[in-house]
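Here's a quick briefing on hollows and greasy surface. Have the structure open while you read.

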Amino acid sequence: MTPLARKRLDKVTLNTLGVLVFVVATFPVYWMVSTAFKANDQIFTTDFIPFPTHFTFEHVQRVLSEGVAGHSIWLYMRNSAIVALGTILIGAVFALLSATAVARFRFKGRTPFLALLLVVQMIPAEALVIPLFLSVKRLGLYDQLLGLIVTQVALTLPFGIWMLRTFVAAVPKSLEEAAWIDGAGRFTTFWKVLFPLVAPGLVATSIFSFITAWNELIMSLYLISDPTKYTMPVALQYFFGQKGTDWGAIMASSTMMTIPVVIFFLVVQRRMVSGLVAGAVKG
């Protein structure tokens with residue numbers, strides 16, 4: 001086989017593998033969306049029906065009109081949005097400041113602190129339910145969205161610090177020193193020099209925090225008892241009953257729940273790309 005033919009074969013193999021990975025990754029999402037618009041007789045059948053032959057908005061209309069557990073679905077969407085956005089805003093501030101301190105300063109206990117961040121990420125969320133519940137209870141934040149935000153910040157902060165630390169460490173210290181020589185203070189240097197270059201990493205951690213907080217179920221079940229403060233993952237549990245499971249409503253609600261995540265990703269992705277370009281120019 002000639003080198004040119006081998007190169008073409010490798011390219012075809014990689015492209016085929018990429019298509020297979022894409023199909024496997026997106027098929028559950030496609031099945032969810034297609035099931036949301038299938039009639040009940042097509043959902044509860046043993047036949048494989050890849051496309052809804054009888055396209056219907058019945059499930060979507062029922063979820064929008066009847067709501068969940070006697071409340072509008074928009075209430076649960078709003079609660080999830082408050083928790084997710086609150087987690088991003090608070091977590092981003094603490095993660096950026098902590099990552100800057102770890103990357104730029106040498107202090108006693110720095111290495112054990114970084115190792116502890118990795119250890120915390122290995123602990124399953126189920127093992128943290130009781131200690132977090134007791135902590136939230138003592139702070140007087142039980143059955144409040146703020147308490148749920150605090151727990152989500154605690155769960156996502158280690159990953160955010162570890163990721164942002166890499167971005168901060170990649171910024172040449174000479175840029176900050178040049179700003180100091182020009183008379184800029186530490187805050188001005190941080191805001192106008194370091195922050196624009198680290199912004200892509202901040203966006204990446206924000207995406208992770210948003211998805212984690214938006215899809216959180218375990219902590220919401222244990223820290224919230226007021227039905228009016230339930231988030232979307234908790235609300236979806238009401239479709240699983242003793243007499244059966246309303247798959248049409250579940251898929252319709254899940255599809256609606258996915259839309260804000262897609263919109264958020266599309267919005268911040270543009271800012272992440274622009275931040276990368278700005279960082280390349282300034283570097």
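What follows covers the pocket, the cavity and a surface patch.

Keep in mind that this is a predicted model. Its largest pocket comes out at about 270 Å³, and its largest cavity at about 70 Å³. Helix α4 turns up in the linings of both the pocket and the cavity.

**The largest pocket**
- Thirteen is the count to remember here: 13 residues line the largest pocket, and Thr100, Phe105, Glu176, Arg186 and Phe190 sit nearest its centre.
- Three helices, α4 (73-104), α8 (173-181) and α9 (186-214), put in at least two lining residues each.
- The largest share comes from α9, with 5 residues.
- By character, the lining is a mix of 7 nonpolar, 2 polar and 4 charged residues.

**The cavity**
- There's 1 cavity of 30 Å³ or more in the structure.
- Its walls include Thr87, Ile88 and Gly91, along with Thr156, Leu157 and Ser209.
- Helices α4, α7 (145-170) and α9 each bring at least two residues to this lining, with α4 giving the most, 5 residues.
- You'll find no charged residues in the lining, just 7 polar and 4 nonpolar ones.

**The greasy patch**
- On the surface, Leu89, Ile90, Val93, Phe94 and Leu97 make up a nonpolar patch, and together they have about 480 Å² of accessible area.
- Leu97 belongs to helix α4.
- Is Leu97 buried or exposed? It lands in between: its relative accessibility is 48%, so it counts as partly exposed, a class that stops at 50%.

Key. Residues are numbered from 1 along each chain as its sequence is written. This is a predicted model: local features need pLDDT of at least 70, side-chain atom pairs count only at pLDDT 80 or more; totals for chains, interfaces and linings use all residues. Side-chain values use heavy atoms; hydrogens and water are left out. On a 1 Å grid over the protein atoms alone, a cavity is a set of points where a 1.4 Å probe fits but cannot get out, and a pocket is an open set with protein on both sides within 12 Å along at least five of seven lines; lining residues have an atom within 4 Å of a point. Grid points are joined across faces, edges and corners, and a volume is the space filled by probe spheres set on the points. Helices (H or I, at least four residues) and strands (E, at least two) are DSSP runs, numbered from the N terminus. Ala, Val, Leu, Ile, Met, Phe, Trp, Tyr, Cys and Pro count as nonpolar, Asp, Glu, Lys and Arg as charged, and the others, Gly among them, as polar. Patches are made of residues with over 30% relative accessible area and no salt bridge: like charges are joined within 9 Å, nonpolar side chains (Val, Leu, Ile, Met, Phe, Trp, Tyr) within 5 Å. Accessible areas come from the Shrake-Rupley method with a 1.4 Å probe; for residues, only the protein chains shown count as cover. A salt bridge is a side-chain nitrogen of Lys or Arg within 4 Å of a carboxyl oxygen of Asp or Glu. Buried means under 20% relative accessible area, exposed over 50%, partly exposed in between (1.4 Å probe, protein chains only).
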